[in-house]
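Me: I'm new to this structure and would love a close look at one part of it. Could you pick a single helix and walk me through its surroundings?

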Amino acid sequence: MKWIKFRIKTVTEAEDIIVSALYDIGLEGAQIEDKLPLTALEKEQMFVDIAPEGPQDDGIAYLSFFVEERDGEAMENGCPVLILNGEETTAEAVLESVKRELEDVRCFMDIGEGTVSVEETEDIDWINNWKQYFHQFTIGDVLIIPSWEEAGPEDKDKMILHIDPGTAFGTGMHDTTQLCIKALRKFITPETELLDVGTGSGILAILSLMFGAKKAVGTDLDPCAVDAVRENMEANGIDPKDFTMMIGNIITEKEIQDKVGYERYDIVVANILAQVLVELTPVIVYQLKKGGIYITSGIIDDKEETVISAVRAAGLEVLEVNHQGEWVSIIARKNHQAGV
């Protein structure tokens, strides 16, 4: 199908108001482009792939809305016929409505230029087009493969993980995830009970179970992780009894800490930002069993010493520091004095 794109140039302070105003005329699902730095919450939720530093904020924002064309031949007075709120309209009519709403907003706040451009998009399968960027790959003896591809004869001896990344969660392609996978392969035993903090797609917990772990628990802040984990468990034949999923902040929420349990886990794995690891580590020692292994990654190389210091301050013994690209994984053990 084809779409007409309405792109508004405005200022960041007006983003939410304009999105709300245009929602009232049927325009939904705004695509927002700006240079605002990540908020503290956004940084906290970046559990897997770490975004680089962005350009300096210039206060400018672009809001794009997409309206479906009825079909390629439907025209009215030379304009494509669009479908908005289930009714037929034209790009010209939508443009006039957008301009009226913008002028109404301009009456009580600065919206910058408030200009609107209109263009027809390519005929793209919006749901599936991103799949061209994700293909099967291997980490050691593990083949990670999406549902739209098949394993070849040369992969018959590999362990196969089926995973579809969706829009927000890890696939195993990132160096930080691969560092964790290699560590899990080394330390998991048939008796392992594992806690995956910031589980996202569930890839680390699911692979741990495939490596032979007995039980896994995953925590995440994003409720969308529940569906992602369930789908990936089903795709890999994981018994729901073996993987428990919890939504909440284990660092700050006593209820989540209690549900997760204390001195229960042989391994805790956390592939998250270094600054979050600093806050997590003195909490998570209470979830680890004595002698338990703490596997961390998501650490850019210039934050290595910061995380090592936090790990040691929590009474943990650093066993390994591993590198891949510009990323670091720190592996530690809980000795008897830690978390007491």
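Reply: Happy to help; here is a tour of helix 9 and the elements around it.

A word on the whole first. This is a predicted model, and the protein has nine helices and 17 strands. Of its 340 residues, 47% count as buried. If you take the contacts between residues at least 6 apart in sequence, 66% of them join residues at least 24 apart.

Now to our helix, which covers residues 304-313. Which of its residues are buried? Glu304, Val307, Ile308, Ala310 and Val311 are. Looking down the axis of helix 9, you would find these buried residues within an arc of 160°, so they line one face of the helix. A general rule helps here: an α-helix has 3.6 residues a turn, so residues three or four places apart point the same way. On the face turned away from the buried side, helix 9 carries the exposed residues Glu305, Arg312 and Ala313.

What do the buried residues of helix 9 pack against? Their partners are helix 8, strand 15, strand 16 and strand 17. Let's visit these in turn.

Helix 8 spans residues 274-284, and its axis comes within 9 Å of that of helix 9, with a crossing angle of roughly 5°. Angles under 35 degrees count as roughly parallel, and the two helices are therefore roughly parallel to each other. Helix 8 brings Ala274, Leu277, Val278 and Thr281 to the contact, while helix 9 brings Thr306, Val307, Ala310 and Val311. Sorted by class, this contact has six nonpolar residues, two polar ones and no charged ones.

Next comes the sheet. It is an open one of seven strands, in the order 13-12-11-14-15-17-16, and its pairing is mixed. Strand 13 (243-247) and strand 16 (316-324) are at the edges with a single partner strand each, so each has one side without a neighbour in the sheet. On average, neighbouring strands here are turned by 15° against each other, direction ignored. Helix 8 packs on this sheet too, touching strand 11 (193-197), strand 14 (265-271), strand 15 (288-300) and strand 16, and its direction makes about 175° with that of strand 15.

How does helix 9 itself lie on the sheet? It crosses over strand 15, strand 16 and strand 17, running at about 160° to strand 16. After helix 9 comes Gly315, which has a positive phi, near 85°.

Finally, follow the chain into the strands beneath. Strand 16 pairs with strand 17 (residues 327-334) in the antiparallel sense, over eight bridges. One example is Glu317, whose bridge partner in strand 17 is Arg333. The hairpin of these two strands has two residues between them, and Gly325 there takes a positive phi near 60°. Strand 17 also runs antiparallel to strand 15, joined to it by six bridges; Ile295 stands opposite Ile331 of strand 17. Is strand 17 mostly covered or mostly open? It is mostly covered, with seven of its eight residues buried.

To put the picture together: helix 9 has one face lined by buried residues, which pack against helix 8 and three strands named above, strand 15, strand 16 and strand 17, and its opposite face carries exposed residues including Arg312.

Note on methods: Residues are numbered from 1 along each chain as its sequence is written. This is a predicted model: local features need pLDDT of at least 70, side-chain atom pairs count only at pLDDT 80 or more; totals for chains, interfaces and linings use all residues. Side-chain values use heavy atoms; hydrogens and water are left out. Axes are lines fitted to C-alpha atoms, for helices over the stretch in contact, and angles run from 0 to 180 degrees between N-to-C directions. Helices (H or I, at least four residues) and strands (E, at least two) are DSSP runs, numbered from the N terminus. Angles under 35 degrees count as roughly parallel, over 145 as roughly antiparallel, 65 to 115 as roughly perpendicular and the rest as oblique. Contact means heavy atoms within 4.5 Å. Ala, Val, Leu, Ile, Met, Phe, Trp, Tyr, Cys and Pro count as nonpolar, Asp, Glu, Lys and Arg as charged, and the others, Gly among them, as polar. Two strands pair if DSSP finds at least two bridges between them. Buried means under 20% relative accessible area, exposed over 50%, partly exposed in between (1.4 Å probe, protein chains only). The arc is that of the directions from the helix axis to the C-beta atoms.
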